[in-house]
Amino acid sequence: MNPAQHDSYAADYDAQVRAYDCHIADLLFGLCYEFIRPGQSLLDVGTGSGLAAQPFARAGLQVSGMDFSPAMLEICRAKGFFADLQRHDLTSLPWPYPTNRFDHLAACGVFHFIPQLEAIFAEAAHLLKPGGLFAFTTRLPTADPQAEPYTRHLAGDFEIFSHSTTTIAALLKQSALTRLKLQKCFVGEDVFLVWIAQKCQGYTPKQS
């Protein structure tokens, strides 16, 4: 991923989401709602302009954001609801947080830019407290979704990756994350999946 590509549309991103009539961030929050409580902490991974993080902040959570786009982070700072913001590429491991730091993690509209997710899922499990949620979205392949771990295509200047459900299920199991909910939704003509998983109680991740 290239930060400059994401910087280029940062100023118009919120308006584009509204124009596209995209509500996947609201769906992700709604599926998490019964499991969250005011005062808990959440890390929004690849936070962009903070659209997915904002409902959690409104619900009383202490929200941190991580992104590699300086322009996106400036927009987040201007919105004023983040407890902490870090500039970091989520494909660069480890992430700049200690073990069991967060009650919950979210990654909305992020993983379709990344082909290999194994190390990212392991890092999410590393940072989550036992019993915490990992809420994220993936793009569903358009043809034979079980054939390959992921498929690739170009959307303008962006590489887009679609991950099979069997691949994601295997990564959850490998990282001691239990699927709680799975919801299919449309974003334009594309089909996305919203996953809500929970870190197993008593699981201690290996140190990075």
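User: How many Å² does the chain expose, and what share do carbon and sulfur atoms supply?
Analyst: This is a predicted model. The chain exposes about 9900 Å². Of that area, the share from carbon and sulfur atoms is 50%.

User: What percentage of the residues counts as buried?
Analyst: The chain has 208 residues. They are set in a fold with 7 helices and 9 strands. The buried share of the residues is 49%.

User: Among contacts between residues at least 6 apart in sequence, what share joins residues at least 24 apart?
Analyst: Start with the contacts between residues at least 6 apart in sequence. Then keep those that join residues at least 24 apart. The share is 64%.

User: How many residues are in the largest nonpolar core, and which have the most contacts inside it?
Analyst: The largest nonpolar core has 32 residues. Strands S1, S4, S5, S7 and S9 are among the elements that give two or more residues to this core, and so are helices H6 and H7. A second, separate core has 29 residues, including Leu31 and Phe192. Inside the core of 32 residues, those with the most contacts are Leu43, Trp95, Leu105, Phe111, Phe121, Phe134 and Phe136.

User: Which residues does tryptophan 95 touch, not counting residues up to four places away in sequence?
Analyst: Tryptophan 95 is one of the residues with the most contacts inside the largest nonpolar core. Its partners include His88 and Glu123. The full list is Leu43, Val45, Met66, His88, Leu90, Leu105, Ile120, Glu123, Ala124 and Leu127.

User: Is helix H6 mostly covered or mostly uncovered, and which of its residues are buried?
Analyst: H6 is mostly covered, with 7 of its 10 residues buried. Those buried residues pack against S1, S4, S5, H7, S8 and S9. The buried residues are Ile120, Phe121, Glu123, Ala124, Ala125, His126 and Leu127.

User: Is alanine 125 buried or exposed?
Analyst: Alanine 125 sits in helix H6. Its C-alpha is 8.8 Å from that of threonine 99, 26 residues apart in sequence. The cut-off for buried is under 20% relative accessible area. Alanine 125 is at 1%, so it counts as buried.

User: What is the bridge partner of serine 64 in S3?
Analyst: Serine 64 is in strand S2. S2 and S3 run parallel, joined by 4 bridges. Between these strands the chain passes through helix H5, in a right-handed β-α-β crossover. The partner of serine 64 in S3 is aspartate 84.

User: What is the relative accessible area of serine 64?
Analyst: Leaving aside neighbours within four places in sequence, serine 64 is in contact with Leu42, Leu43, Asp44, Phe82, Asp84 and Phe102. Serine 64 is buried, at a relative accessible area of 4%.

User: How far apart are the C-alpha atoms of serine 41 and glycine 60?
Analyst: Serine 41 belongs to strand S1. It is buried, at 10% relative accessible area. Beyond four places in sequence, serine 41 touches Gln62, Arg101, Phe102, Asp103 and His104. Glycine 60 is 19 residues away along the chain, and the C-alpha separation is 9.3 Å.

User: Why does cysteine 32 not form a bond with the closest cysteine sulfur?
Analyst: The structure holds 0 disulfides. Cysteine 32 is buried, at 2% relative accessible area. A disulfide needs sulfur atoms within 2.5 Å. The closest cysteine sulfur, in cysteine 108, is too far for a bond because the distance is 9.8 Å.

User: Which residues does the cis peptide bond join?
Analyst: Most peptide bonds are trans. This cis bond has an omega of about 0°. Its proline lies in the loop between S3 and S4. The pair is leucine 93 and proline 94.

User: What is the phi of asparagine 100?
Analyst: Most residues other than glycine have a negative phi. Asparagine 100 lies in the loop between S3 and S4. It is partly exposed, at 31% relative accessible area. Its phi is positive, about 55°.

User: Where does alanine 176 lie?
Analyst: Alanine 176 has a positive phi, near 60°. It is buried, with a relative accessible area of 15%. Its place is the loop between H7 and S8.

Methods
Residues are numbered from 1 along each chain as its sequence is written. This is a predicted model: local features need pLDDT of at least 70, side-chain atom pairs count only at pLDDT 80 or more; totals for chains, interfaces and linings use all residues. Side-chain values use heavy atoms; hydrogens and water are left out. A nonpolar core is a set of buried Ala, Val, Leu, Ile, Met, Phe, Trp, Tyr and Cys residues joined through side-chain atoms within 4.5 Å. Buried means under 20% relative accessible area, exposed over 50%, partly exposed in between (1.4 Å probe, protein chains only). Contact means heavy atoms within 4.5 Å. Accessible areas come from the Shrake-Rupley method with a 1.4 Å probe; for residues, only the protein chains shown count as cover. Two strands pair if DSSP finds at least two bridges between them. A crossover is right-handed if, with the strands pointing away from the viewer, the path from the first strand over the helix to the second runs clockwise.
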